[in-house]
Structure formats: structure tokens, C-alpha cells
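Let's take a walk through this one, starting with a single residue and working outwards to the whole chain. Have the viewer ready to turn as you read.

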Amino acid sequence: MAGVGEVTDADFETEVLEAELPVLVQFTAEWCGPCRQLAPVLGAIAHEEGDRLKIVQLDVDHNPRTTIAYGVLGTPTLMVFRDGEPVKSMVGARPKRRLLEELSDVL
């Protein structure tokens, strides 16, 4: 997905916790239908807001350490990190307009 990177347990600290910009992490899985629905929405937001927000995906099946560390129980879970700390968490797919509204306080 254009504009949306992938992170793993190995590089989560560097790519997310130490990032200059706020980072929206989509905790996702290959088998997750709502995650696939959300993919074009996140791609569009990454394209439009790339100078203010970094967007990445983390596969929960392949990266259990990070998934467990942040208490992720369902997919898709969207978590925004700023200055190394989670500042917002949302569960479930949503349309672009609603997601942008929910992200307005962290952008």
C-alpha cells in the first residue's frame, strides 16, 4: 500500500517510538477483512498527511511481542504514538472522513 510502511517487533522502537512525527500504527493480519477495507483509507491519508503523520502496519501474527506489549486484542486496532508513547487508540475500520476527524487532535 503506497505511503504505508511495515514495521516488525525488531524495528518498532526505531520506526515508531523514536519517530519525529506522530505515527499511526495499524495492527493488522492477512486474514482480517476489515483491515483490507481500511487499507485504501490509510493509503489516502498517508498520501495527504505524510508531512504531518507517518502511517505503518504491524502484522499481529508475525509480531507477537509488540502486539502483546500494547494490549492489542482485535484487528484492526489503530494506535497513534507521539514521542514514544501511545496517545490514541481506536478499534475497527472506519471511513476516511471519520478517521480524519478522530485524528484531528493528534495532527
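**Starting from T66**

T66 is buried, because its relative accessible area is 5%, and the cut-off for that label is under 20%. Bear in mind as you look that this is a predicted model. You'll find T66 in helix 3, the run covering residues 64-69.

So what does T66 touch, once residues up to four places away in sequence are set aside? The list is D9, F12, F27 and L58. One of those partners deserves a closer look: the side chains of T66 and D9 are joined by a polar contact of 2.7 Å.

Now hop over to C35, which sits in helix 2, spanning residues 33-49. Is C35 buried or exposed? With a relative accessible area of 3%, C35 counts as buried, since anything under 20% does. Skip the neighbours within four places in sequence, and C35 is in contact with Q26, F27, T28, A29, T75 and P76. F27 is a handy landmark here, as it turns up in the contacts of C35 and also in those of T66. While you're at C35, pick out G74 too: the two are 39 residues apart in sequence, and their C-alpha atoms are 11 Å apart in space.

Time to zoom out. The protein chain has four helices and five strands, and if you trace them along the sequence you get β-α-β-α-β-α-β-β-α. Contacts that reach a long way along the sequence are a big part of the picture: take the contacts between residues at least 6 apart in sequence, and 71% of them join residues at least 24 apart.

How does the overall size fit? For 107 residues, a compact globule would have a radius of gyration near 13 Å, and the chain comes in at 12 Å, so the two agree. If you'd rather think in boxes, the C-alpha atoms fill one of roughly 30 × 30 × 20 Å along the principal axes. T66 and C35 have company inside, too, as 46% of the 107 residues count as buried.

Finally, the outside. The chain exposes about 5700 Å², with carbon and sulfur atoms supplying 51% of that area. As for charge, there are 10 positive and 18 negative charges, and their mean positions lie 9 Å apart.

Notes:
Residues numbered from 1 in each chain as written. Predicted model: local features only at pLDDT ≥ 70, side-chain atom pairs only at ≥ 80, totals over all residues. Heavy atoms only, no water. Helix = DSSP H or I, 4+ residues; strand = E, 2+ residues; numbered from the N terminus. Rg over C-alpha atoms; globule rule 2.2 N^0.38 Å. Buried < 20%, exposed > 50% of the residue type's maximum accessible area, 1.4 Å probe, protein only. Contact = heavy atoms within 4.5 Å. Areas by Shrake-Rupley, 256 points an atom, 1.4 Å probe, with all protein chains shown as cover. Lys, Arg positive; Asp, Glu negative; His and termini not counted. Charge placed at Lys NZ, Arg CZ, Asp CG, Glu CD. Polar contact = N/O pair within 3.5 Å; in protein donor to acceptor, adjacent residues only side chain to side chain.
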